[in-house]
Protein chains: 4
Amino acid sequence: MARTAVVAGVGPGLGESIARKFASEGCNVGLFARSDEYLGELAGELHAETAGDAAAVPTDITDESQVESAFERVRETFGPVDVLVNHAGGGGWSGLRESSAEEFEDAWRSCAYGAFLCSKRAVSDMVDGDGGTVIFTGATSAVRGRGGAAGFSSAKFAVRGLAESMARELGPKGVHVAHAVIDGQILTPDAREQADGRSEDTFLDPDAIAESYWHLVEQDRTAWTLELDLRPAVEEF
Amino acid sequence: MARTAVVAGVGPGLGESIARKFASEGCNVGLFARSDEYLGELAGELHAETAGDAAAVPTDITDESQVESAFERVRETFGPVDVLVNHAGGGGWSGLRESSAEEFEDAWRSCAYGAFLCSKRAVSDMVDGDGGTVIFTGATSAVRGRGGAAGFSSAKFAVRGLAESMARELGPKGVHVAHAVIDGQILTPDAREQADGRSEDTFLDPDAIAESYWHLVEQDRTAWTLELDLRPAVEEF
Amino acid sequence: MARTAVVAGVGPGLGESIARKFASEGCNVGLFARSDEYLGELAGELHAETAGDAAAVPTDITDESQVESAFERVRETFGPVDVLVNHAGGGGWSGLRESSAEEFEDAWRSCAYGAFLCSKRAVSDMVDGDGGTVIFTGATSAVRGRGGAAGFSSAKFAVRGLAESMARELGPKGVHVAHAVIDGQILTPDAREQADGRSEDTFLDPDAIAESYWHLVEQDRTAWTLELDLRPAVEEF
Amino acid sequence: MARTAVVAGVGPGLGESIARKFASEGCNVGLFARSDEYLGELAGELHAETAGDAAAVPTDITDESQVESAFERVRETFGPVDVLVNHAGGGGWSGLRESSAEEFEDAWRSCAYGAFLCSKRAVSDMVDGDGGTVIFTGATSAVRGRGGAAGFSSAKFAVRGLAESMARELGPKGVHVAHAVIDGQILTPDAREQADGRSEDTFLDPDAIAESYWHLVEQDRTAWTLELDLRPAVEEF
C-alpha cells in the first residue's frame, strides 16, 4: 500500500524536491504551505508525473487548529501519515541588539513551534500504526550559534532539541526521528538567478538532498540515523 | 567602583547562591523574580551581610515592558549593568505526545524568550560602557535532548543557541557570554528535604556552582570561556 | 567502468556485509585482513555471486610496507582505488589503571595508524583521478569517551580527528570523507550465537549498515555527509 | 600540607605560567621536560619567589621507564602527587598527503601516549590518597579536525578521548579530570617577538589561562568541570 507523507513547508527549492522524490517513490504527499496557488500547481504536476499522488493543503503551520484540520484532510484523502518532513521556518537573521522581540518570537514560532504542532499530529498515526519517519531540516546554525542571527540560531537549536527528545521518546515506539544539518546554500530557483557567476557546485542541489532524506525513510529499523550533515564538496567548514 | 549585577530568576537554591556570592564580592545586585516577599527578605539579608548591596525587583521576565522597567529601576538604583545571569526558566517535562502546545510554548517563553528580553536590555549598557558578562544557566538537556522532556529540551537548546550567537556577536564588543551546563540535581532546600537518605554529595552544591560563575566574571578578556559543564564527582554521565 | 573498492579490516560481520554490498553494486573489491583462508573463501563467493569481483589481499594494515604492497596488488588487479573503507581496529577495553602501555598503543595502532596508512595510499589515486570516497567505521566511543575503555576511546577519537581533518583537506579535491558512528552491537555470527534470548532487533544488522555506507558512496558531490550515526530503533542513548 | 603538582611539558609560555601559578598557591611542583638547563633555572626562580617549591625533573615523557623514574623522584622530594597537568605535545601540522608515518606517530606519541604514561603514574597516588586533579591542555583541533593538520588533529582528539574516558572512570574515585580547549595562539615569548604589530589582545595570556587551571583544581567535588574552552574576546570562532 502506498505510504502517506506530509511535507510541511513546501516551496520552490528543497521542499518541492522532497515532495517530488517521495511521490516518485510512490508516496502520496500532503503539501503544507501558506501559498494556495503554488501548492495547487505542484500537486497537479506530481499527480501527473509521478508514481504517487499529492494534495495541496494550504495551512499556517503555526496555528494549531489549522494544523489539526490539515492532518485531518490528509488522512481522509490518503490515510494515516507514515512520513513527516518538518521543513518550514526561517527568519531571525539579525543580531541581539537589532532583533525585536517579535522577530525573535516569529523565528521560533515558524521553526520550532510549527514543527511541534505537526509532529504531535503525525506521530499519533505512526505510533498507533506500523511506525514511521519524522525528518527535520536543520542548518549549521542548529549546531553552532551564528553571530548576527540570534533569532534564527536560537530557533534552529530549539528544533534540534525537539528532534533529539523525540528520537529518544519515540524510537522504541517505531518512529524514526532524524535531523539533517544543511551546511551551505541550497540551489533554489532564486539562488540560481542571483548566483551571478558563482559556480553551481558551491550550492547544495535540492534533489541531491532529497535523495538522502529518502534514504533516511528507507533505513532498516536496526540501523537508524538521528543526525547527518550535508554540504557541497567545496564548502569550507 | 562597585559593579552592578542582575540575577534574573532568583529563588532559594542556585539563584540565591549566585546573588550572595556576587554581593559578597562587592557587587550591587538586582534580584528579578515574580515573588515579592521572598525577594525583599533576600535583599535585606544581602544588604546587611555582604560587601555589596541588593534590590528586590519583582518582575515577570517574559513581559517586555516589565523587563524594561526592571532594568530602569536597577540603573537608577545602582548604575549601568555590568553582569547579567539568565537563570530563570523551567517546565516542559513531558513527552511530545503528552505535551500541550501551551506547555511547549511556556517552557520556551520562560527559558529562552525571557533570557532574550533581559539580555537585550543588559547588553546595551555593557557595549556602551566597559564591557561586561552574561551567563546563562543551562542543563544537560541543552546539549542532549531528553526523551520525555520535549518542551524543556527544546527550550534549553534554544537558550544555548542564543548564548552562542551572542558570544560571537558581542565578544569583540567586550561582552563575555558564557553558558554553564548544569549536569545533575542542585541541592536546593526542597531537594535537601526530599533527599530521603540520598547522599548529599550526589547533588550539586549551589554555592560551589556560584564560585564557577564568579570565576567566569573574573576571567581575563584574553581567555574567556564560552561553555563549561558542572557535575558532582559521583554523577554518571 | 567498474569502481575499485578496498575494505580494510574484513571479517564475518560488518566488513563482509560491506564487501558484499559493494560487489553486488558492481565494485571490484580488495579485501584486507590478516586471515588468509577466510579472505580467500569470501573472495570466491563474491566472485561467483555478485556483479563485481573480489581479491583476497592478506595484509597487516599496521605495517607500512605491507599496506603499500597491498594497494599495489589491488591496482594491478582492478585499477586505481575509488573507494576505501577503514573498518579495522579494536582493543583497549580496560580502564586507565588496568591498561598497559602496550595495550594502549595497540588500540591506536590498529584503529588510527592503520587507517592513516591505508588512507594515504588510497587518496593519491582519488586525487589524481576522478575523486572517490573514504569511509571510517566509528563507534559511540569516538564521540563520548567511555569509562573503562581508555585505549579504545582514545583510539576511536583519534580516528574521528583524522577523518575530520581529511574531510577538510580533501573535499575540495573531490574526495568524500565520511565517519559512521555505530552505536550498539552488530549482529555478527558470534553475536547471534551468544545472543542467548536477547532479541535480534536490539542489534544492528550489518547488511543494513552496509546500505548506508553505499548511500554515502552514491551521494552527489553537492550534498556530502561527513558524519552520521547508526543505531537500532530500540537502543537507549 | 602543601599539595604536590606535576606539570608535564614545561616550557616558556603556558607550562611555565601554570607552574608559577600553582607554586604561588603553595604547591610543590615537579617540572617535566627534556631541557635540563631551562628547567633548573625555572625551579630556582619558583623556589626563590613563590610560596611553594619546585624540582626540575628532565624527562622524556614518551619513555615509560623515564616517566616512572620521574614520578618516583617527585614522590621522594615532595610526597604523593595531587595534581597533574598533561601539557606536552605537538607536531603533525601537515595534511594527510604530506605527512609521513613517522610524523603522524610522533604527534600521537608526544600528545596522547605521553599523557597516558603520566596519568597512569599520577592517578594511582590520587586514588590511594585523597583524590586529586588531572588537567589536559587541549586545542580547537581536539574538537574540530583541522584540514592540513592530520597528525595534530588525530593526536589531540586522542587526548580528549582519553580525558573523557578517565573522567568517567575516575570521578567516583575522587579524581577530577578536566580538558581545556585552548582556542587561539598563546602569547609565549616567541609569539610576542614575532607578533609584528599584531595586537597583544588577539593572543591568550598564559597567566590568564593558568588562573582557569587553578580554578579547576579548586572546584568543589560537587561541581566539577570536565571541559571548558578558552579564547580571546576578539577571536572569531
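Two strands pair if DSSP finds at least two bridges between them. With that rule in hand, the tour of this predicted model can begin inside chain C.

**First stop: strand β1 of chain C**

Select residues 4-8 of chain C, which form strand β1. This strand is mostly covered, with five of its five residues buried. Colouring its two faces separately shows C:T4, C:V6 and C:A8 on one side, and C:A5 and C:V7 on the other. Both faces are covered.

Next, add strand β4 of chain C, residues 83-86. β1(C) and β4(C) pair in the parallel sense over four bridges. To see one of these pairings, select C:A8 and its bridge partner in β4(C), C:N86.

Then bring in strand β2 of chain C, residues 28-33. Five bridges join β2(C) to β1(C), and these two strands also run parallel. C:A8 serves again as a landmark, for it stands opposite C:F32 in β2(C). Show helix α1 of chain C, residues 14-24, to complete the view: β1(C), α1(C) and β2(C) make a right-handed β-α-β unit.

**Second stop: helix α5 of chain C**

Remain in chain C and select residues 150-170, helix α5. Is this helix mostly covered or mostly exposed? It is mostly covered: 21 of the 21 residues of α5(C) are buried. From its first C-alpha to its last, α5(C) reaches 30 Å, close to the 30 Å expected at 1.5 Å a residue.

**Third stop: strand β4 of chain D**

Move to chain D and select residues 83-86, strand β4. One side carries D:V83 and D:V85, the other D:L84 and D:N86, and all of these are buried.

Add strand β1 of chain D, residues 4-8, which pairs with β4(D) in the parallel sense over four bridges. Here D:V7 stands opposite D:V85. Now display strand β5 of chain D, residues 132-139; β4(D) and β5(D) likewise pair in the parallel sense over four bridges. D:L84 has D:V134 as its bridge partner in β5(D). Helix α4 of chain D, residues 101-128, belongs in this view as well, as β4(D), α4(D) and β5(D) make a right-handed β-α-β unit.

**Fourth stop: where chain A meets chain B**

Show chains A and B together. How many residues of chain A are in contact with chain B? There are 38, and they touch 38 residues of chain B. The elements that give two or more residues to the side of chain A are α4 (101-128) and α5 (150-170) of chain A. The most comes from α5(A), with 16 residues. Coloured by class, this side of chain A divides into 17 nonpolar, 10 polar and 11 charged residues.

A turn of 180 degrees, with a shift of 0.0 Å along the axis, lays chain A on chain B with an RMSD of 0.0 Å. The two copies are thus related as by a two-fold rotation axis. To locate that axis, select A:A158, the residue of chain A that comes closest to it, at 2.2 Å (C-alpha). The copies meet through the same surface, because 100% of the interface residues of chain A are also interface residues in chain B.

**Last stop: where chain C meets chain A**

Finally, display chain C beside chain A. This contact takes 29 residues from chain C and 29 residues from chain A. On the side of chain C, the elements giving two or more residues are α7 (206-218) and β7 (227-230). By class, this side has 14 nonpolar, eight polar and seven charged residues.

Conventions: Residues numbered from 1 in each chain as written. Chains lettered and ligands numbered in written order. Predicted model: local features only at pLDDT ≥ 70, side-chain atom pairs only at ≥ 80, totals over all residues. Contact = placed C-beta atoms within 7 Å. Nonpolar A, V, L, I, M, F, W, Y, C, P; charged D, E, K, R; others polar. Least-squares fit on C-alpha atoms with pLDDT ≥ 70 in both. Buried ≥ 20, exposed ≤ 12 C-beta atoms within 10 Å, placed from the backbone. Right-handed = clockwise from strand over helix to strand, strands pointing away. Expected span 1.5 Å × (residues − 1).
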